There are 2 protein chains.
Amino acid sequence: MEEKYLQSVKENLKKKGYKLTGPRLAILKYLLRKKGHHSIMDIYEKMRMKNDRIGIATIYRTVDLFLELGIVRVLTINNSKPCFEINWPGDHHHHLICKGCGRIIEFGSCNFIQIVGEIERVTRFSVKEHTLEAYGLCPKCAQKTEDYSTEKI
Amino acid sequence: MEEKYLQSVKENLKKKGYKLTGPRLAILKYLLRKKGHHSIMDIYEKMRMKNDRIGIATIYRTVDLFLELGIVRVLTINNSKPCFEINWPGDHHHHLICKGCGRIIEFGSCNFIQIVGEIERVTRFSVKEHTLEAYGLCPKCAQKTEDYSTEKI
DNA sequence: TATCTTAATGATAAATATTATCATTTGAAT
DNA sequence: ATTCAAATGATAATATTTATCATTAAGATA
């Protein structure tokens with residue numbers, strides 16, 4: 001699975017005339033291994049801890065390139081620093097962010113085909129991608145809020 | 001309409017113990033008047049040009065406060081600087097961004113009630129808000145792409 | 001495999017963006 | 001009108017991002 005994906009990334013790069021360098025491969029593997037959402041600084045610090053001599057400029061450059069090639073996706077929660085994740089082909093998921101504890105849940109393929117059709121019909125755009133972020137309260141935090149609201153002050 | 005909204009913002013601030021100061025009102029009016037999506041620097045520069053003595057720190061602080069109070073919404077397109085817009089109550093729109101020319105189209109209330117219900121059922125979260133960005137090509141840029149693809153090289 | 005060519009890298013300087021500090025101002029409660 | 005804390009603007013301090021450039025290393029070629 002990952003092997004196959006690495007292969008496809010390699011072809012993707014080559015096709016556009018980019019090299020599959022050590023640092024690029026290392027960042028890719030980092031994101032594949034860690035899963036989840038990682039800021040530039042996350043990636044940089046964690047990789048440096050693993051005795052990797054990588055420079056931060058390379059992280060910026062590589063993430064930008066990966067974004068352009070569709071290898072990664074960016075997630076910007078509220079107003080904070082952008083985080084990146086592997087854009088697995090066929091894995092069309094979205095994010096549910098708890099406003100209480102900040103936990104991020106991924107939820108699977110949304111029934112969006114109809115809505116996209118509607119958008120295309122109304123706007124005359126052709127829609128290629130979409131991202132959806134939902135904000136709310138996880139069960140625990142919802143419980144807490146309820147506790148507060150019934151609490152005597 | 002705007003009068004009424006200003007009034008509600010005033011109450012919103014007061015309720016939480018914040019003051020309706022000159023700068024806050026000025027920023028709010030700027031966003032109400034200009035419509036669309038504005039970065040921190042946009043707001044700062046335009047307001048300074050209008051002989052406004054406002055400091056940039058105040059823009060940051062005020063926008064953060066307005067976000068927290070739900071008075072504005074943030075839109076972060078791809079990986080660029082966040083832009084802000086008035087969060088009109090009842091105006092639940094989303095953004096369609098042309099990957100060709102960067103133009104942003106707003107599209108109206110999406111049929112999302114079912115999907116939100118589904119998300120809540122599966123994740124046990126209670127969903128309060130959601131944002132949806134769609135990326136694609138506007139009619140003009142779609143046309144251009146087609147031109148290229150049929151062009152002899 | 002050794003050589004060559006050029007894109008890519010890492011270090012770091014430079015430029016931008018954001019946050020913290022603090023003396024002064026101002027909103028609004030009294 | 002007075003009071004007082006919150007808010008402001010200027011700007012210093014940090015943090016983030018981009019640009020520069022000598023060096024390195026993919027990958028093409030022989």
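The following paragraphs describe the fold of chain A, the protein surface beside DNA strand D, and the surroundings of one histidine in chain B, all in a predicted model.

Chain A contains six helices and five strands, and, read from the N terminus, its elements follow the order α-α-α-α-β-β-β-β-α-β-α. With a radius of gyration of 19 Å, well over the 15 Å that the globule rule gives for 153 residues, chain A is more spread out than a compact globule. Along the principal axes, the C-alpha atoms of this chain occupy a box of roughly 65 × 50 × 30 Å. Of the 153 residues in chain A, 41% are buried, while the accessible surface of the chain amounts to about 9400 Å², with carbon and sulfur atoms contributing 53% of that area. Among the contacts in chain A that have a separation of 6 or more, 48% join residues 24 or more positions apart.

DNA strand D is surrounded by 19 residues, of which Leu20(A), Tyr60(A), Thr21(B), Thr58(B) and Arg61(B) come nearest. Of the atoms of DNA strand D that come within 4 Å of the protein, 72% belong to sugar and phosphate. The surface near the strand draws at least two residues from each of three helices, namely helix H4 (56–69) of chain A, helix H2 (22–34) of chain B and helix H4 (56–69) of chain B. By residue type, this surface comprises eight nonpolar, three polar and eight charged residues.

Individual side chains from both protein chains approach polar atoms of the DNA. In chain B, a polar side-chain atom of Thr58(B), one of the residues that come nearest to the strand, lies 2.5 Å from a phosphate oxygen of DNA strand D, and an N or O atom in the side chain of Arg24(B) is placed 3.1 Å from a phosphate oxygen of the strand. In chain A, by contrast, the side chain of Lys19(A) has an N or O atom 3.3 Å from a base nitrogen of DNA strand D.

Turning to the histidine, His93(B) is located in the loop that lies between strand E2 (83–86) and strand E3 (94–98) of chain B. His93(B) has a relative accessible area of 4%, and it is therefore buried, since that value falls under 20%. A polar contact of 3.0 Å links the side chain of His93(B) to the side chain of Asp91(B). Beyond the neighbours within four places in sequence, the residues in contact with His93(B) are Arg73(B), Glu85(B), Glu106(B), Phe107(B) and Gly108(B).

Conventions. Residues numbered from 1 in each chain as written. Chains lettered and ligands numbered in written order. Predicted model: local features only at pLDDT ≥ 70, side-chain atom pairs only at ≥ 80, totals over all residues. Heavy atoms only, no water. Near = heavy atom within 4 Å. Polar contact = N/O pair within 3.5 Å; in protein donor to acceptor, adjacent residues only side chain to side chain. Helix = DSSP H or I, 4+ residues; strand = E, 2+ residues; numbered from the N terminus. Nonpolar A, V, L, I, M, F, W, Y, C, P; charged D, E, K, R; others polar. Rg over C-alpha atoms; globule rule 2.2 N^0.38 Å. Buried < 20%, exposed > 50% of the residue type's maximum accessible area, 1.4 Å probe, protein only. Contact = heavy atoms within 4.5 Å. Areas by Shrake-Rupley, 256 points an atom, 1.4 Å probe, with all protein chains shown as cover.
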